[in-house]
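Got the viewer open and a free hand on the mouse? Let's take a walk through this one, stop by stop.

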Amino acid sequence: MMQQYLRIKAQHPGMLVFYRMGDFYELFFEDAERAARLLDITLTRRGESAGEPIKMAGVPHHAVEQYLAKLVKLGESVAICEQIGDPGASRGPVERKVTRIVTPGTLTDAALLDSKRDNLLLALFPQRSTLGLAWLSLSSGRFTVMETAAGNLSLELERLAPAEILVPEDAPAGELNGRAAALRRLPPWQFDREAAVRTLTRQFETLDLAGFGAGGLTAAVSAAGALLEYARATQGTAIAHVKSLVVEQERGYVRMDPATRRNLEITETIRGDPAPTLYSVLDTCATGMGSRFLRHSLHHPLTDRAAIAARLEAVGALIRGSGAGAASPLHAMLGPCVDVERITARIALKSARPRDLSGLRDTLKRLPEIGAVLAAFAERAAGRIAELARALAPQDDLLAMLDTAIKPEPGALVREGGVIADGYDAELDELRAIQENCGEFLTQLEARERARTGIANLRVEYNRVHGFYIEVTRAQSENVPDDYRRRQTLKNAERYITPELKAFEDKALSAQERALAREKFLYDRLLDALAAHIAPLQAAAVALAELDMLATFAERAAALDYCAPEFTGEPVIEIEAGRHPVVEREVENFIANDTRMSGSRQMLIVTGPNMGGKSTYMRQAALIALLAHCGSFVPAKRARLALLDQIYTRIGAADDLAGGRSTFMVEMTEAAYILHHASPASLVLMDEIGRGTSTLDGLALAWAIARHLAEKNRSFTLFATHYFELTRLAEDFPQIVNVHLDAVEHKDKIVFLHSVEDGPASRSYGLQVAALAGVPGGVIRAARRRLGELEEHGLAAGPQRDLFGETAGAPGAPQEEHPLLQLVRELDPDALTPKEALEFLYRLKNWCEK
């Protein structure tokens, strides 16, 4: 048995092997040590191998999913080795085989997946200055590729957030270090393009990849081929639900760098919490499919004006059609729907469970009702809603198949039986009849035996260990007939078997085993038949997910008083009474503000006190623009804007110690990326740039960056600063405008007004905010005195010193003494007469006049 294990383990290095032995999955040697540490299970020793005790650890087979879930979260991969042979027919070890491999990026089981998050497997293949990417959601069958510049790696990793990354063994680690995703290195030959083309065309049953728009791609196709082979190997079967390839274009979505996604807190706060975020405010979706579609849409705002308009029209129709109900009728219908997308994938992988199929059947029964509601909405918006209604057309053949084959309330597992409906298969019905008549036979036998033996308390019973038996008390055991054969002796009773009961037992138990085998055969045949319906099921799943998201947009718009944004060909961002969608839910009274930007108001220099709301004001403009490009209504009284191509933010202060970058270096790196990539169609948020260095250096950099954005990039820019010198830029550049958020003092207290007005702020109120933060009063008073001195004498009476240069007065620098100092040093005051002293004063006066 250990030889068999070691052969299997040698085929799966680098992953844990769960080796089935009876009711347990066992792990051995180093795997056992690792699993014991990671899962907090007992490590034991048994037997010997090469003179050393064999280390073992195990988990029960009925609870394996919870242990797999924990290992996957830790980035581990597990090979599941099952017993496939008959223990009774084998003279040696039972035949075993790895039936599936569980890795972080190839999960399909509902117990291991987050219902509201896509689980992506990503492959990367760098080819000179180009980076090929391919990613697959095995639980849905979506397969996507793209090529981009190698420098965009971190941007794409932040956008996709994969669970597992595949790279060639010889690829440099670079930005892959420190990522939450599990990293797996594959031999470089697995990324061969010619082999990849053969693999992909065989999967899609096509002559070439030109029909998918991938004919001219090289690095991306190489990555896709390696990924597909890896996914197929982990499942141990064909992945029939992966039927097409999507080539994604960079210009298809509004681009956002990793810093922007973090700063806007789209699906995760800066601290890494799931709430409060934009996603947590919006996600009232009725299904997991809808929640995943919403999450994807928020990270992929559209740039196709027609697609955005179609979504907005659909949301408007849902709001008008639902009235005060805020899309609740549609949500109520979608609520009981199962995760059709993931169940379809499990059908294709032959891993769907009975309750997956019963849930799918019940969801298909709801399609006519959903279609009728959509038909009413489609009268108001014939575009996108009508398309979704067509994708959700009833699938009568499939429904009839499931209705006929599966019981209304099937068992959880096929091996336990109770799955296939009565009347579906005559042979199964006959075997079940034998089992169901068992009770009646035993009752009759018990009555006959009591009459024959005269033992009134005689019982005929059954248990899993000993099968059928006749039980009598110890006192009555002398009265049993001669044909009774003792089966078991208890403290106060004896159990017997008779020839008649033994014959019935053989027949009944045989019928049970044959019924379970027949049910397994029928269930597997049903899964094979369902494979023909995968494509329409996938289309229905996508339609249900989008419909759920649109219904959520409608419900949120009605409940939170959002308005429909208007897109225009003019270069403008006009927001009337805009609100921050997250902050307004966290405070009692949120002050709405206008944002007006155009060719003549291209950059807004935002000044005002700390805690005054500058960052909130800037972020709300970006979030309103993002929501509009997702096809959602927005938190404002009115919003009119041009299509954007990119959104960038430079907000907050954080260092990168692991990467060897200081706070200021991170700030400048992000600013440099913006200056190199922002275009006239981009929205840029710059918050207090330059604060990580000396005052004059920071001021100079902030001034130069603002000027570059205004002159070169010509982007829509919100530029918050405490450098009041920057407000003078409005005098030199007509497209730069000053705005401010004000505050007032009352009895040494500060009151923030949070309203945006034109013009620069008068002061920063930094000391007042420090007092609010709890800085000791003595420190505040000392700061106020020092502030007065600085305001009176100026911040810098002379040139700012260079800390790294050799200037006069610096230690070790050569110094030349002033002649006046030399004259004073040579003077002996005690030897001076009054006349000489007076003459010396005149000489000093002449020096000063010169």
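What follows is a short tour of a predicted model, with something to select at each stop.

**Stop one: a hairpin**

Start by selecting residues 16–21, which make up strand β1, together with 24–28, which is strand β2. The two run antiparallel and are joined by three bridges. Look for R20, and you'll find Y25 of β2 standing opposite. Together β1 and β2 form a hairpin with two residues between them. Click on G22 in that turn: its phi is positive, at about 65 degrees.

Now add residues 52–60, strand β4, which runs antiparallel to β2 and is joined to β2 by five bridges. Here E26 stands opposite G58 in β4. Is β2 mostly buried or exposed? Four of its five residues are buried, so β2 is largely enclosed by the rest of the structure.

**Stop two: an open sheet**

Next, bring up the six strands that form an open sheet with mixed pairing. Trace them in the order β11-β10-β7-β8-β9-β12. Which strands stand at the edges? Select 182–186 for β11 and 246–247 for β12: each has a single partner strand, so one side of each is left without a neighbour in the sheet.

Stay with β11 for a moment and add β10, residues 164–168. These two run parallel, with five bridges between them. E164 has A182 of β11 as its bridge partner.

Then show residues 219–235, helix α6. This helix lies across β7, β8, β9, β10 and β11, and runs at about 30 degrees to β8.

**Stop three: two helices side by side**

Select 438–453 for helix α17 and 499–530 for helix α18. Their axes come within 12 Å and cross at roughly 175 degrees, so α17 and α18 are roughly antiparallel. To see where they meet, show C438, F441, L442, L445 and R448 on α17, then E500, L501 and F504 on α18. By class, that contact has six nonpolar residues, two charged ones and no polar ones.

**Stop four: the cysteines**

How many disulfides are there? The count comes to zero. Select C630 and C285 to see one example: the closest cysteine sulfur to that of C630 is the one in C285, 13 Å away, which is too far for a bond. C630 is also buried, with a relative accessible area of 0%. Finish on C81, which counts as buried because its relative accessibility is 0%.

Note on methods:
Residues are numbered from 1 along each chain as its sequence is written. This is a predicted model: local features need pLDDT of at least 70, side-chain atom pairs count only at pLDDT 80 or more; totals for chains, interfaces and linings use all residues. Side-chain values use heavy atoms; hydrogens and water are left out. A disulfide is a pair of cysteine sulfur atoms within 2.5 Å. Buried means under 20% relative accessible area, exposed over 50%, partly exposed in between (1.4 Å probe, protein chains only). Axes are lines fitted to C-alpha atoms, for helices over the stretch in contact, and angles run from 0 to 180 degrees between N-to-C directions. Angles under 35 degrees count as roughly parallel, over 145 as roughly antiparallel, 65 to 115 as roughly perpendicular and the rest as oblique. Contact means heavy atoms within 4.5 Å. Ala, Val, Leu, Ile, Met, Phe, Trp, Tyr, Cys and Pro count as nonpolar, Asp, Glu, Lys and Arg as charged, and the others, Gly among them, as polar. Two strands pair if DSSP finds at least two bridges between them.
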